Amino acid sequence: MKKERKKKKEQKMSITDKADSMPKIYRNSYLSAVSGKATPRNAIKAFCIECMGYIRSEVTKCETIDCPLNLYRPYGKAGDSDD
Ligand code: SF4
């Protein structure tokens with residue numbers, strides 16, 4: 001039981017540390033996704049933006065066609081919003 005609590009605490013700290021280290025604009029969508037509150041679309045968005053080092057234009061340009069998320073990735077067009 002004590003071990004489980006310790007593990008959960010470590011996971012929570014890991015999430016908090018990660019959120020603190022990312023650009024503020026992407027923090028809430030990440031926290032929503034890891035807490036299960038985001039839509040699948042927004043969770044994919046959070047994953048892709050992290051994958052590309054928080055550079056939105058890189059997600060737009062992503063050509064990794066063997067990634068299972070490629071056809072679902074956000075920002076398919078340069079002007080796509082963060083909504
Ligand atoms: S689709 Fe591209 S940006 Fe999204 S997770 Fe896959 S490789 Fe990364």
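The ligand is surrounded by Phe47, Cys48, Cys51, Met52, Val59, Cys62, Thr64, Cys67, Leu69, Asn70 and Arg73, a residue being counted as near a molecule if its C-beta atom, placed from the backbone, lies within 6 Å of it. The model is a predicted one, in which local features need pLDDT of at least 70 and side-chain atom pairs count only at pLDDT 80 or more, whereas totals for chains, interfaces and linings use all residues. Residues are numbered from 1 along each chain as its sequence is written. Helix H3 (residues 40-51) gives the most to this shell, with three residues; helices are DSSP runs (H or I, at least four residues) numbered from the N terminus. Eight residues of the shell are nonpolar, two polar and one charged, where Ala, Val, Leu, Ile, Met, Phe, Trp, Tyr, Cys and Pro count as nonpolar, Asp, Glu, Lys and Arg as charged, and the others, Gly among them, as polar.

The largest nonpolar core consists of six residues, Tyr30, Ala46, Cys48, Ile49, Val59 and Tyr75. Such a core is a set of buried Ala, Val, Leu, Ile, Met, Phe, Trp, Tyr and Cys residues joined through C-beta atoms within 7 Å; buried denotes 20 or more other C-beta atoms within 10 Å of a residue's own, exposed 12 or fewer, and partly exposed the range in between. H3 supplies the largest share of the core, three residues. Beyond residues up to four places away in sequence, Tyr75 touches Arg56, Val59, Thr60 and Asp80, contact requiring C-beta atoms within 7 Å.

Tyr54 lies in the loop between H3 and helix H4 (56-61). Tyr54 is partly exposed because 13 other C-beta atoms lie within 10 Å.

Definitions and conventions
Helix = DSSP H or I, 4+ residues; strand = E, 2+ residues; numbered from the N terminus. Contact = placed C-beta atoms within 7 Å.
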